[in-house]
Amino acid sequence: QISVVGYDDLPRSRDFNPPLTTVNHRLSDWGSLAMNMLFALMKGETPESIVITPELIVRQSTKAL
């Protein structure tokens with residue numbers, strides 16, 4: 001009847017009943033990417049633009065239409 005989607009892909013998301021469909025926005029990658037950009041700036045370089053693409057992790061809290 002309804003679908004539920006979470007955000008952050010927390011480890012507990014898969015433990016819910018039903019397991020929660022969620023979005024993983026790759027937060028763990030942000031820090032290393034930011035540091036690489038900072039190092040480039042410190043060297044006088046122009047850092048390249050970065051697009052972080054989130055991933056939809058489909059579990060059982062949603063259903064295809």
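The following paragraphs lead from the overall form of this protein to two of its residues. The structure is a predicted model.

The secondary structure consists of 1 helix and 3 strands, and these elements follow one another along the sequence in the pattern β-β-α-β. The radius of gyration is 17 Å, whereas the globule rule gives 11 Å for 65 residues; the protein is therefore more spread out than a compact globule. Along the principal axes, the C-alpha atoms occupy a box of roughly 55 × 25 × 10 Å.

Burial, contacts and surface can be considered next. Of the 65 residues in the protein, 20% are buried. Among the contacts with a separation of 6 or more, 57% are accounted for by residues 24 or more positions apart. The protein exposes about 5500 Å², and carbon and sulfur atoms supply 58% of that area. As to charge, the protein carries 6 positive and 7 negative charges, and the mean positions of these two sets lie 9 Å apart.

Helix 1 covers residues 27–42. Its 16 residues, at 1.5 Å a residue, should span 22 Å, and the C-alpha atoms at its ends are 23 Å apart, so the expected and modelled spans agree. Just after helix 1 comes Gly44, which adopts a positive phi of about 85°.

Within the helix, Trp30 merits a separate look. Is this residue of helix 1 buried or exposed? The relative accessibility of Trp30 is 42%, and because partly exposed residues are those between the limits of 20% and 50%, Trp30 counts as partly exposed. When residues up to four places away in sequence are not counted, Trp30 touches His25 and Ile52. Pro47 stands 17 residues from Trp30 along the chain, and the C-alpha atoms of the two are separated by 14 Å.

The second residue, Ser13, belongs to the loop between strand 1 (5–7) and strand 2 (21–24). Ser13 has a relative accessible area of 4%; since buried means under 20%, Ser13 is buried. Which residues does Ser13 contact, leaving aside its neighbours within four places in sequence? They are Pro19, Leu20, Thr22 and Arg59. Of these partners, Thr22 falls within the range given for strand 2 (21–24).

In summary, Ser13 is a buried residue in a loop between two strands, while Trp30 is a partly exposed residue in helix 1. Both belong to a protein that is more spread out than a compact globule.

Terms used: Residues numbered from 1 in each chain as written. Predicted model: local features only at pLDDT ≥ 70, side-chain atom pairs only at ≥ 80, totals over all residues. Heavy atoms only, no water. Helix = DSSP H or I, 4+ residues; strand = E, 2+ residues; numbered from the N terminus. Rg over C-alpha atoms; globule rule 2.2 N^0.38 Å. Buried < 20%, exposed > 50% of the residue type's maximum accessible area, 1.4 Å probe, protein only. Contact = heavy atoms within 4.5 Å. Areas by Shrake-Rupley, 256 points an atom, 1.4 Å probe, with all protein chains shown as cover. Lys, Arg positive; Asp, Glu negative; His and termini not counted. Charge placed at Lys NZ, Arg CZ, Asp CG, Glu CD. Expected span 1.5 Å × (residues − 1).
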